[in-house]
Amino acid sequence: MATNEILTEDPGLDPATGEFRVIAPGFSFKSVTAKIADIVLTPKTSLGWLLFFAIGGAVATLVLVAVTWLFLKGTGIWAISQPVAWGFAIINFVWWIGIGHAGTLISAILLLFKQSWRNSINRFAEAMTIFAVVCAGMFPLIHVGRPWLGYWLFPYPNTMNVWPQFRSPLLWDVFAVSTYATISIVFWYVGMIPDFGTLRDRAHSNFAKYIYGLVALGWRGSVRHWMRYETASLLLAGLATPLVLSVHTVISFDFAVAVLPGWHTTIFPPYFVAGAVYSGFAMVLTLAIPLRKVYHLEGLVTERHIDNMGKVMLATGSIVAYGYGMEVFMSWYSASHWEAFMMWNRMFGPMGWSYWVLIFCNIAFPLTTLWVRKLRTNISFMFLISIIVNIGMWFERFVIVVTSLYRDFLPSSWGTYRATKWDYMTYIGTMGLFTALFLLFVRFLPMIPMNEIKMMLPSAKLTAKAEKAVGAGD
Amino acid sequence: MTSERGNDMMNQDNGMTLAEVRAKLNGSRGKRYWRSIDELAGTPEFEAAVAREFPDQAQEWVDPVSRRGFMKLMGASLALAGLAGCTKQPDEPIYPYVKQPEDLLLGRPDYFATAYPSPTGGVPLLVKSDAYRPIKVDGNPDHPYNLGSSDPYTQGTLLDLYDPDRSQHSTLRGERREWAEFVQVFRDKLIASRGNGGEGLYFLTSTITSPTLARQWKEAQAAYPKARLVQYDPINRDAVRAAIGAKDLQYDLSAADVVVSLDADFLSTAAFPGFHKLVREFVARRKSPEKGLNRLYVVESTTSTTGLKAEHRLGLRAGEVPAFTAALARELGVSVNAPAATWPDSEANFVKALAKDLKANAGKSVVIAGEQQDPSVLALAVAINQALGNFGKTVFATETVQPLPTSQTAELKALVSDLWSGKVDWLVILNANPVYNAPADLNFKAALDKAKTSVHLGTHIDETGSETLWHLSGTHYLETWSDVRSYDGTVSIVQPLIDPLYHGHSAHELVQLLSDEPSLSPYEAVRTTWRAQLSKSGEFEANWRKALHAGWVEGTAFEKGTAVTAASLPVPAPSSRDSVEVIFRADPSIYDGRFSNIGWLQELPKPVTNLSWDNAALLSGATLTKLNIEEGDILEVTVGGQTVKTPVLVVPGHPDNSVTVYLGYGREQAGRVGSGAGFNAYLLRTSATPFLATGAKLAKTDGKWGFAVTKSHFQDHRSKFFGGEGSGNNSLEGNEAETRGIIRWATLEEFKSNPGFANEGENHPKVERDVTLFPNWEYNGNAWGMSIDLNSCVGCNACIVSCYAENNIAVVGKQQVRIGRNMQWLRIDTYFEGDLATPRAHFQPMACQHCENAPCEQVCPVGATVHTPEGLNTMVYNRCVGTRYCSNNCPYKVRRYNFLLFSDFETESLKLMRNPDVSVRSRGVMEKCSYCVQRISAAKIEADKENREVRDGEVVTACQQACPASAITFGNLNDKSSRVAKLAKDERTYSVLADLNTRPRTTYVAAVLNPNPELAEAPVEHAPAKG
């Protein structure tokens, strides 16, 4: 390529391809381990961490307050009403679950596809998934009118001889989300076992040694261990892969199965999955960009990652845009008055502003700019775009839930929706909860898989020289 | 008989008084922990707790405001609970009853005939009583006047009985007193005034409806010839008295092909005398278009459901109606004492076409004048009816239903001037609230101070009760014996169903004090009144029992005559169309304010506006534009120096430069529900202009008011491309309702040429039962269904209030209604069609449709809403976890959710009122119309006992029972001979949202209108109004 000569001057670029390197040059096994393990094992907790953790924890208490009040008073403290009987709780649920999807996609699908660049971002993306599922999983429970009876959604043997109603998509949600949470946690944990071994071995305090030793499950790094580890990873990746598609498909059924115009549409499953990955990658970016800056991980999470994630967003964003386009097209092509009115109302009704916010945040802004490589590798710009897409994807759910409900079949029942402070408190509180959990993760667990990074180092290639290095025990 | 049993119950309640508890505590040697209670007993907290434990003092206990007080009392009352738990049975052996009272079977209700003494004539009732508690008020189905129908006010009176804010004891200067103490003082006064003929003794009462009370007064008057009785109700019939004297007009709409209303709102509320019968007869002529239809013309000021049901409605300023009536009379050849006015083309054409139609239907038409109009309108209407030969055919003159007809405003004025001149020694106010509702110019509150002794008898310590020296706790009509005439003259005995809850006393007892037999009970007084009548044929006791049983006294209906002379009254000239007039009307929900503490009625969306919990300045859209204000802005309305601030609401069809205000709001001492709701329109109302004030000034002031309007209304600004008309003059909801086939109707001509119009054409989707891969479920037993005749429904709301009472529905309050959380299982959807300046409206009662393919059922994750083999879509409250998914998936949005703890589980008096067959729902639970499943079950049990099928008409739902228009039919669709099955087969029957294949069990019969071809509607050209 003609540009190669110019680009090779940049140490971050691979001279062979002209792409950014996945790992900046100069890393060795030792330096990778030191870089990542020291973040965790340092006895000094930075003031910045404490500050952000305090903020996150304080914000998380909003959830505690809001949910306590909710349990005392009932769901009426929220803005939900007739006809808009679902509001922030469901919007937030879908939004958080959607965010989680990127983590699973990165850790499972990209693993199967041997996209080794994913190794740098896989661990914290997966942590993001779990914390997002924690935040998401809270909502279906607290949004019901009598949460103390929420266990009735599970098919458990009981003296009443009553089963859940298996035709309800809400029940499918229960299975989908609980499976998803289980697999994600197991996959995440299994992935960390070799790193726990490393941490155990490097830890100075006895307490840390004890704890990391406990969770390392006796990892010794033997070939047998590695073999089983790799097999388990592959199996779990195989299990998790369909979940990436199925969980949000099932969640889209909550809407698609209903008779409501704006919900009742077959395009929802793919469109929801694409949207989930879109928002998930945006969230990974939102997390990765400050992380690499603060912990000086630019060498491990390089512009290549940012660039790749931008490309994934471009692709999934385009699918989402296609979905929006199809909705508009079908509202005309179906010749159904319900669809036509729904779309007119969504665009030009009293809440039309929300539709245009969504169009701007999800399509107009990202899908025009992400084509440009300069912008894709501009860190500040990518951070901005990740925030915008997150907002846009939240509004997508808002538009779907609220603007379909508030003006449905019988015009006499039309209403409106205006969120209350309790709605906002719960939503913002989950962000605090997420932040706090994520900061704990960053502080106490290896946020980048050392073993997988090391495998990607040039020295991991089994050359004679490398074998020596391995033998040296790094 | 009920009264006796009630006494027993009260005695049981009184079995443990504070004194007895004390005595018991002192007398017993006691277990150890009793001593601490004994110590406690001396403290004021303990006394307060004990006082509140007993119903006759249970005042603050039920007031949510003093929850703090409740918390303070917790300790002491917990101790009390311990006390109750440890109380021994008496040492002597006691036995429970082994034979229960003959007429009491717990769990099986009894029904008693009685009547609600409404100021416009009694409403005969059959009241359901469960364990001696009246729990449901409904019309007496055998009574010839209402045939079982009722109205919102009547339905609401049940809650009035159990109102926790009722006055619970008599007071003197606010201190508690006994009735006997008052009697002592009053008798002393009477003895003193024997000599001067009762001079200075004044009585002020609301309109007397009881012939017995009238008789008692006449006897008192004979003993005290100088005593004065003044009747006053703010919504009174002075105009009738002025126009035709002590007579009433009755109309027979079953014989009328053409009905003309001149500002007579006879279809919307029982504020119009004879409402129940008029509605029934009016809609009877609209049920079978194949046999022809009547035609209704309405000329009205305030938009009412009567006008919106009309084939032809002409909105005129209230001040123009007399002149319009004169023009109509002149057109019909009646001599008129007024100069001819010139009318714009539209009105002139209307008069011509109307007159032509009336002439063509002479003797088969009727002209009804509104009683809140100028008396000249009534007089001219009489003259027109006479000229058309309607008297004796569709119009009758009878004795008046008021036993003591008077000109009330004039009498009140005289009373006030007597007060000011110091002539009033004693003023006894009976069941009236003049401090609140007397004309503002009389300043009654100040005048009341001039009375040396003032007494107020009433069920509430209201604005008047708190100003008078004495307040006497009054009785509800279900607590005392009385009598009343329904508008056709038939006398009903008002039987009490429960002993006075708070030891109240009735007006009968008070007026009886003036007689020689001061302690004669109301029971005996009523019997005395009717002894002669009931002894005419046969024995009195037997006839008395029969009258009580049937609910009316045989042979007391008024003779229908034709002799009436209308006074020759000057026709007032209409005010300039540029000047602003203010129209005062009784509120459709809370009447003149007497029902303002009834949550059911406050929460009821008023017909036309769908406003609840408030009144407002009702304006036309054009006036709003002209004033450059918006809905919810605050307006200062000034009339004759008096100013009130009121929020603004637009009403389609309202005349321009005209403001309607509903009376009855802005009360200060109505109780926890009514106090502070809305603004007080009485402050604008003077004795000279009780129903119409002219020359008002409107000015916008700062502030915004949030209304609780249950149905939004938007203007349709969509362009043609998006399915609208672009003008902004039409209602978006109305346009959509027609496009979506929710409302289907045709003219009589269209119907004749195409009787199947309701199920044909693009916008009229049909139910197609065979478009399914799965075989249809077979309903082999009963298949319950409902049919609602949209031609009959007049949107009066009686069904909704009836549903409240039957199904223990919670009242949620204004703020919750504002955000769309009202709990009414049944609503009446109002859709405005056409130009909002001259709209037509369609009323559609909408409750759960009991879809055979119910979308709600399949999305419930716990199976809390399921289908019964008889086709009912049922809610299992116990199983509901409250995901609200069912509500989202309900295309009819008829499900109601307990977002908060809406049901009142604390107020003791309300517990007595609840229907024991229906659970009271707690928070977090979805609820909805059940087709009154408890009534279905009751009928099925009866049928099972007799080993037969449920008969058609045996199951009557609460809404159906209340409906004065018999618009609702319920029954078994599988019984081919049932009325509902026949209606389901009617060509006009359609399902709402049929294209969704929900297969609703509730179907609607499309309306057919009978417009006059000469009055083809011409589109009105005007700038779009704001709204």
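In this predicted model, the largest nonpolar core has 414 residues, and M128(A), V284(A) and I368(B) are those with the most contacts inside it. Helix α4 of chain A, spanning residues 88–112, gives this core its largest share, namely 16 residues. One of the highly connected positions, V284(A), can be followed to its partners: leaving aside residues up to four places away in sequence, V284(A) touches A102(A), I121(A), A125(A), M128(A) and M309(A). M128(A) thus appears both among the residues with the most contacts inside the core and among the partners of V284(A). As general background, nonpolar side chains in soluble globular proteins tend to be buried together.

Chain A can be taken next as a whole. Its secondary structure comprises 18 helices and zero strands. For a chain of 474 residues, a compact globule would have a radius of gyration near 23 Å, and the 24 Å found for chain A agrees with that. Along the principal axes, the C-alpha atoms of chain A fill a box of roughly 80 × 65 × 40 Å. Of the 474 residues in chain A, 49% are buried. Among the contacts in chain A with a separation of 6 or more, 80% are between residues 24 or more positions apart.

Two places in chain A deserve a closer look. The peptide bond from Q82(A) to P83(A) is cis, and its omega is near 5 degrees. P83(A) sits in the loop that links α3 (47–73) to α4 of chain A, and α4 is the helix that supplies the largest share of the core. The second place is T368(A), which belongs to helix α13 (residues 366–369) of chain A. T368(A) has 10 other C-beta atoms within 10 Å and is therefore exposed, the cut-off for this class being 12 or fewer. Between the C-alpha atoms of T368(A) and F207(A) there are 52 Å, with 161 residues separating the two along the chain.

Chain B brings strands into the picture, with 32 helices and 38 strands. Buried residues account for 56% of its 1027 residues. Of the contacts in chain B with a separation of 6 or more, 74% involve residues 24 or more positions apart.

One of the sheets in chain B is open and has four strands, which follow the order β11-β10-β9-β12 with parallel pairing. Its edges are formed by β11 (312–315) and β12 (365–369) of chain B, each of which pairs on one side only. From one strand to the next, the twist averages 10 degrees. Within this sheet, five bridges connect β9 (residues 258–262) and β10 (residues 295–300) of chain B in the parallel sense. There, V258(B) stands opposite R295(B) of β10(B).

An antiparallel pair is found elsewhere in chain B, where strand β17 (residues 482–485) is joined to β18(B) by four bridges. R485(B) has V491(B) as its bridge partner in β18(B). Five residues lie between the strands of this hairpin, in which G489(B) adopts a positive phi near 100 degrees. In a regular strand, side chains alternate between the two faces of the sheet. Strand β18 (residues 491–494) of chain B shows V491(B) and I493(B) pointing one way and S492(B) and V494(B) the other way, and all are buried.

Backbone conformations in two loops of chain B also stand out. Most residues other than glycine have a negative phi. V608(B), however, has a positive phi near 75 degrees and is found in the loop between α21 (599–603) and β20 (611–612) of chain B. V608(B) counts as buried because it has 25 C-beta neighbours inside 10 Å. N808(B) likewise has a positive phi, near 55 degrees, and lies in the loop between α25 (798–806) and α26 (814–818) of chain B. With 20 C-beta neighbours inside 10 Å, N808(B) counts as buried, since the class begins at 20.

Finally, the two chains meet at an interface where 45 residues of chain B are in contact with 42 residues of chain A. On the side of chain B that touches chain A, at least two residues each come from α23 (732–739), α27 (855–859), α28 (885–889) and β33 (896–897) of chain B. Sorted by class, this side of chain B has 21 nonpolar, 13 polar and eleven charged residues.

Technical notes:
Residues numbered from 1 in each chain as written. Chains lettered and ligands numbered in written order. Predicted model: local features only at pLDDT ≥ 70, side-chain atom pairs only at ≥ 80, totals over all residues. Pairing = 2+ DSSP bridges. Axes fitted to C-alpha atoms, helices over the stretch in contact; angles between N-to-C directions. Contact = placed C-beta atoms within 7 Å. Nonpolar A, V, L, I, M, F, W, Y, C, P; charged D, E, K, R; others polar. Rg over C-alpha atoms; globule rule 2.2 N^0.38 Å. Core = buried A, V, L, I, M, F, W, Y, C linked by C-beta atoms within 7 Å.
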